[in-house]
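The following paragraphs go through a structure with a focus on helix packing and on the make-up of its chains.

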Amino acid sequence: MLPPGCTQEMFGQAIDAFEQTVGPEWVFTSGRDLDLYRDAYSPFWGEPEERFASAAVAPADVEQVQAVVRIANETSLPVYPISTGKNLGYGGSAPSLSGSAVLDLIRMNRVLDIDEENASVLVEPGVSYFDLYRELRDAGAKLWIDCPDPGWGSPIGNALDRGGGYTRPQFRNHFDAHCGMEVVLPNGELLRTGMGALPAAETWQQYKAGFGPWIDGMFSQSNFGVVTKMGFWMMPEPEACLIGRVYANRYEDLSALVRIVTHLENTGIVNGMPGFGSPLLQRRVPADPQASDPNDASAPDQALQDAFYSRDAAARGLIADRVRSTGRSCWSALVKFYGPERMVRLQWELSKEQFSEIAGVEFGEPEFYSFPLSDAELERVHKPTFGIPSLSVFNFGIRTEARPDLLEGHQAFSPVIPRTGEAIFEVNRVFREIFQDEGLPVPPFGLPGCVWERALMMIFVFPTTRDPEINQKYRRAFHRLIPAAAERGWGEYRTPVAYYDAVMDTYSFADHALRRFHETVKDALDPNGIISPGRYGIWPERYR
Amino acid sequence: MTLGSEISRRQILLGGGGGIAALGLGLGPAPALSANRTDVSLFLIDTAIPGTDEAARLAARKGAVVARFTGDPGVPWLEHLEPLWRHRPLPVAGLTFGGALFCFERLARGFGLSCGFRSSLPPARLAGSGHGKEHRQPAFGMAEAAFRAATDLAAYGQTRMTAAGIDAPDRPLTWVLRPAHVRRPRTDNGR
């Protein structure tokens with residue numbers, strides 16, 4: 001299948017030219033080869049709407065990327081750049097427009113610079129978090145990587161998709177942590193941003209903005225160019241880390257808990273990623289090293305679940321009774337501190353003072369870590385909290401008594417919501433109604449992630465299966481959730497390919513001024529529309 | 001238990017100290033590799049699965065290097081699989097849970113390997129953390145038998161898939177990843 005405007009003859013010309021540019025061994029057109037680029041978690045699996053690549057081409061360097069882009073222009077064959085292509089749940093390596101050729105950058109896998117004194121690195125797109133970890137270790141550099149979980153993706157790919165991690169706020173926002181990029185523009189021209197535009201500068205990874213408009217953001221979640229290098233600020237290994245736990249027993253305490261955590265973060269007292277949980281609901285805090293195995297969670301207590309949603313006096317009474325009878329707190333918060341030992345212990349004491357305004361609040365014994373971690377600690381900790389990439393998240397999703405259906409893949413509905421307890425209650429209530437209305441199992445009462453400063457992010461994980469009927473049901477629910485959330489001001493921060501247009505539709509202020517701006521830029525930079533048409537809802541004129 | 005071809009626990013946990021190169025699989029022909037290209041060169045074991053010692057002994061007798069890990073598939077990926085496959089896409093067998101195989105199978109594709117054999121073992125008593133607390137029949141003997149079948153199948157180039165994929169949490173899998181004659185970009189520029 002070829003995209004509109006690209007004939008079989010043009011496709012053939014493109015493949016011949018790709019082979020001359022990168023060598024025939026790095027151009028792929030057979031079904032078996034292309035199957036590797038299929039999205040393993042596609043919500044369209046096996047249906048006509050599933051996205052497929054027509055070819056793949058893997059350049060070895062920037063000059064070859066430039067040549068490939070020029071060939072794409074000449075032959076009207078769109079290319080879809082990927083770094084490591086491990087973005088499962090948000091599209092993997094399948095193109096947003098079927099028939100595009102995947103521009104696979106995995107061969108460009110050099111760590112170009114490690115500056116331990118300035119705590120920065122410069123990498124190519126094919127470098128994975130594991131690669132970077134290995135290089136830092138081999139260099140003896142005491143720098144931590146803020147990695148997502150799982151860590152098999154690439155720092156560039158994850159940052160450009162605006163992914164997040166687990167350590168200090170300036171590092172766990174992966175796009176914010178970057179400093180300088182190199183981009184092949186759709187016409188094949190090479191651009192460097194920030195201080196990289198000053199040829200003699202030695203500060204490309206030290207000062208972000210350079211001179212004039214800071215345009216780096218235009219290359220994230222977009223299709224305006226192919227990023228071929230990015231600098232990142234790294235986290236110097238701290239002397240210590242302390243993890244504190246806070247428990248609140250009343251249902252109404254959530255709002256205060258959220259407010260205090262937010263204040264502690266905004267004042268810099270809490271400087272690691274916080275989190276919220278509910279011991280009563282057996283909802284663990286994400287990345288809690290003491291958390292029980294999520295696969296072990298027992299079947300939900302339906303009356304209790306219902307009470308968490310309903311919020312009336314009877315429900316509060318039931319929750320209070322369960323807190324008393326089980327000895328489990330209604331809510332928990334986890335706060336992390338990185339720094340010198342004396343400082344993190346003081347930060348914990350200061351935090352406890354502020355949490356003490358909640359009546360009956362209790363504190364768990366804090367965990368204290370110094371580095372390097374012991375073998376026993378390495379076995380039980382959440383490694384990304386300590387700058388170590390991991391794949392252990394894949395132990396989640398297997399079939400259990402509480403979850404009888406195999407989780408073959410997933411898609412995440414992940415709206416940004418205000419940082420308030422009220423918003424958490426409201427988002428759960430709205431989504432529950434839609435799930436019930438659609439006849440789908442209602443997910444357990446959800447608690448937000450605190451990846452981003454100042455806002456919360458809910459992550460509702462839906463299964464994807466090999467059964468089109470089941471996938472259609474979940475897609476229908478997803479398509480209802482997007483506008484229902486938007487009506488209340490909650491917007492997706494990122495979404496699977498299947499929902500790009502629907503989500504972009506909701507960012508509609510002033511008659512879709514933002515989308516029209518994107519389209520104006522797209523048409524100016526990429527008049528032939530050959531870079532990732534449709535990515536994040538940005539379509540070039542020829543496909544609109 | 002100590003096997004001659006195993007590496008230290010800390011190397012396994014954190015990856016310090018050379019990994020696969022220290023095992024002789026980094027560059028040039030290694031003693032563990034036979035002339036038969038389908039021979040399993042490395043055997044990965046999740047220590048959360050009990051009853052795997054016999055399979056480990058069998059693997060060592062057959063010339064495979066044994067690498068153990070607990071829970072996180074990222075450790076053997078970082079230390080063994082990626083360095084090995086970057087050099088040469090050799091067959092690797094494993095006795096792990098389904099989540100680990102899911103990762104390895106996808107990562108293996110990047111080096112032109114695919115799953116040529118997968119078999120589900122009976123529920124096992126589980127050690128360590130991260131895989132539940134059920135106590136059922138251990139996998140003694142079954143692991144050895146499964147590994148024997150896997151290595152034989154790998155040697156003869158057959159493909160057999162007996163399990164439907166990821167299964168119950170206490171159900172381990174034995175598997176072989178081997179060259180699938182699928183071309184795919186992989187490191188070739190000196191890293």
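In this predicted model, helix α1 of chain A, residues 8-22, packs against helix α3 of chain A, residues 62-75, with the axes 9 Å apart and at an angle of about 165°. Angles over 145 degrees count as roughly antiparallel, and α1(A) is therefore roughly antiparallel to α3(A). The crossing of α1(A) past α3(A) is right-handed.

On the α1(A) side, the residues that meet α3(A) are A:Met10, A:Gln13, A:Ala14, A:Ala17, A:Phe18, A:Thr21 and A:Val22. Their counterparts in α3(A) are A:Gln64, A:Ala67, A:Val68, A:Ile71, A:Ala72 and A:Thr75. Sorted by class, this contact of α1(A) with α3(A) holds nine nonpolar and four polar residues, and no charged ones.

A second helix pair in chain A is formed by α8, residues 302-310, and α9, residues 313-326. Here the axes lie 8 Å apart and the packing angle is about 130°. An angle that is neither under 35 degrees, nor over 145, nor from 65 to 115 counts as oblique, so α8(A) and α9(A) are oblique to each other. α8(A) passes α9(A) in a left-handed crossing. From α8(A), the contact draws on A:Ala303, A:Leu304, A:Ala307 and A:Ser310; from α9(A), it draws on A:Ala315, A:Leu318, A:Ile319 and A:Arg322. The residues of this contact of α8(A) with α9(A) comprise six nonpolar, one polar and one charged.

These helices belong to a chain with 15 helices and 21 strands in total. The C-alpha trace of chain A spans about 75 × 55 × 45 Å along its principal axes. How does the radius of gyration of chain A stand against that of a compact globule with 544 residues? The globule would be near 24 Å, and chain A has 24 Å, so the two agree. Of the 544 residues of chain A, 51% count as buried. Among its contacts between residues at least 6 apart in sequence, 71% join residues at least 24 apart.

Chain B remains. This chain has five helices and six strands. Read from the N terminus, its elements follow the order α-β-α-β-α-β-α-β-α-β-β. Chain B has 191 residues, of which 53% count as buried. For contacts in chain B between residues at least 6 apart in sequence, the share that joins residues at least 24 apart is 76%.

Note on methods:
Residues are numbered from 1 along each chain as its sequence is written. Chains are lettered from A and ligands numbered from 1 in the order in which they are written. This is a predicted model: local features need pLDDT of at least 70, side-chain atom pairs count only at pLDDT 80 or more; totals for chains, interfaces and linings use all residues. Axes are lines fitted to C-alpha atoms, for helices over the stretch in contact, and angles run from 0 to 180 degrees between N-to-C directions. Helices (H or I, at least four residues) and strands (E, at least two) are DSSP runs, numbered from the N terminus. A crossing is left-handed if the near helix is turned anticlockwise from the far one by less than a right angle, and right-handed if clockwise. Two residues are in contact if their C-beta atoms, placed from the backbone, lie within 7 Å. Ala, Val, Leu, Ile, Met, Phe, Trp, Tyr, Cys and Pro count as nonpolar, Asp, Glu, Lys and Arg as charged, and the others, Gly among them, as polar. A residue is buried if 20 or more other C-beta atoms lie within 10 Å of its own, exposed if 12 or fewer, and partly exposed in between; C-beta atoms are placed from the backbone. The radius of gyration is taken over C-alpha atoms; the globule rule is 2.2 Å times the number of residues to the power 0.38.
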